[in-house]
Amino acid sequence: MKVLVATEKAFATIAITQIRAVTEAAGYELVLLENYKNVADLLAAVPDADAMIVRSDLVTPGVLDAAKKLKIVVRAGAGYDNLDLTACTAHNVVAMNTPGQNSNAVAELVFELILYQIRGGFSGKSGTELRGKTIGLHGFGNVGKYVADIAKGFGMDLYAYDPLVSERVMKNHGVKQCSHSDELYLKCQYISIHMPSNDVTNKSIGYDLLRKMPKNAVLVNTSRKEVIDETGLLKIFEDRPDLSYLSDIEPDCKTVFEEKFKSRFIFTAKKMGAQTEEANINAGVAAARQIVDYFKTGNEKYRVNK
Ligand code: 3PG
């Protein structure tokens, strides 16, 4: 039985050691395709894989066609918009994710971005503080909850909007529920986005919502660029020189920001949210365990395709 780790953005070495320990203890062989540069390399590596662990790597119908023996693919992470679920089902491949395993790393990045920005990039210029400020969590899943816990430590006032989460759950984390996204954007100086990319959420954050934000508001996006309507984003940035956008994903309109909105944005060069040793270990080992468990017991708890 071969388990292929195919990651264009490699896990930390310590995570690979632990993934190997889990797979080899089960009697499987671990094969590594790390830091691959093009799809051809991925296509060449998949034909004899029985199981595959990926990160944001695209699992397309082409990859699945080439992966003749594949029975299970696990996305070591939360968002599985990179897996073609319909094609996985058509190829009789079980698709899973590992929810919650890298959430703290993403939540910490939210504050790393904010703190750097509001202290003027450590330039010596006078900055601002977080204590007493409002933060709004647009989406209150695993990452949103970690962000809430950290924000409390900073003495912030917390709000959230998530139609899928009850007021009771939010209250347990010290968060006040907003009944509409408009209310969240009106109330909060900091908005942190924590939603998946799908048909409902894509382009759902645009001009009408962003124009509601208070003076000097900061929008933080560590989820997916697709959820932002970039035409609306550019328009509000033209209208409102007080706004900042901090994103763990370069937007398609990055060059416009570079030309026109200097010092009002941070875009990481590569998605960094889950790129810590701890998150790599948590998500990678969870993926390996889920594969072993699936083969040994048929456990499909984290299956995301039908
Ligand atoms: C996720 O959905 O889990 C995060 O976006 C992390 O993605 P990555 O594994 O590609 O860093």
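Is F122 buried or exposed? With a relative accessible area of 60%, F122 is exposed. Keep in mind, as you look through these close-ups, that the model is predicted.

**Figure 1. Y28 and F295 meet edge-to-face.** Welcome to the aromatic rings: searching the whole structure turns up 12 aromatic pairs. In one of them, the ring centres of Y28 and F295 are 5.9 Å apart and the planes stand at 90 degrees, so this pair is called edge-to-face. Y28 belongs to the loop between α1 (13-25) and β2 (29-34), while F295 is part of helix α12 (residues 277-297), so the pair ties together parts that are 267 residues apart in sequence. Y28 counts as buried because its relative accessibility is 10%, and buried means under 20%. F295 has 22% relative accessibility and therefore counts as partly exposed.

**Figure 2. Y116 and F122 form another aromatic pair.** Here the rings are 5.0 Å apart, centre to centre, with 85 degrees between the planes, and the arrangement is edge-to-face. Y116 is partly exposed, with a relative accessible area of 39%. Its partner F122, the residue from the opening question, is exposed at 60%.

**Figure 3. Six residues are linked into a cluster by ring pairs.** The members to look for are F237, Y245, F257, F261, F265 and F267. You will meet Y245 again in strand β11, and F267 is found in strand β12. With a relative accessible area of 13%, F267 is buried. For a sense of distance, the C-alpha atoms of F267 and V93 are separated by 35 Å, and the two residues are 174 apart along the chain.

**Figure 4. Two lysines each place a charged end over a tyrosine ring.** The charged end of K176 is 5.0 Å from the centre of the ring of Y159 and sits over that ring. In the other example, K235 has its charged end over the ring of Y207, 4.3 Å from the ring centre.

**Figure 5. Strand β11 is covered on both faces.** In a regular strand, side chains alternate between the two faces of the sheet. In β11 (residues 244-247), S244 and L246 are on one side, Y245 and S247 are on the other, and all of them are buried.

**Figure 6. Strand β11 pairs with β10 and with β12.** Start with strand β10 (residues 218-221), which runs parallel to β11 and is joined to it by four bridges. Within this pairing, V218 stands opposite S244 of β11. To get from β10 to β11, the chain passes through helix α10 (residues 230-239), making a right-handed β-α-β crossover. Next comes strand β12 (residues 265-267), which pairs with β11 in the parallel sense over three bridges. L246 has I266 in β12 as its bridge partner. Helix α11 (residues 254-260) carries the chain from β11 to β12, and this β-α-β crossover is right-handed too.

**Figure 7. Residues surround the ligand.** Which residues are around the ligand? They are K9, R55, S56, R75, G77, A78, G79, N102, R224, K271 and A274. Three of these can be followed atom by atom. In the side chain of K9, an N or O atom is 2.7 Å from an oxygen atom of the ligand. S56 has a polar side-chain atom 2.4 Å from a ligand oxygen atom. For N102, a polar side-chain atom lies 2.9 Å from an oxygen atom of the ligand.

Conventions:
Residues are numbered from 1 along each chain as its sequence is written. This is a predicted model: local features need pLDDT of at least 70, side-chain atom pairs count only at pLDDT 80 or more; totals for chains, interfaces and linings use all residues. Side-chain values use heavy atoms; hydrogens and water are left out. Rings of Phe, Tyr and Trp (its six-membered ring) pair if their centres lie within 6.5 Å; planes under 30 degrees apart count as stacked, over 60 as edge-to-face and the rest as tilted. Helices (H or I, at least four residues) and strands (E, at least two) are DSSP runs, numbered from the N terminus. Buried means under 20% relative accessible area, exposed over 50%, partly exposed in between (1.4 Å probe, protein chains only). A charge sits over a ring if NZ of Lys or CZ of Arg is within 6 Å of the ring centre and within 35 degrees of the ring normal. Two strands pair if DSSP finds at least two bridges between them. A crossover is right-handed if, with the strands pointing away from the viewer, the path from the first strand over the helix to the second runs clockwise. A residue is near a molecule or strand if one of its heavy atoms lies within 4 Å of it. A polar contact is a pair of N or O atoms within 3.5 Å; within protein, one must be able to donate a hydrogen and the other to accept it, and residues adjacent in sequence count only if both atoms are side-chain atoms.
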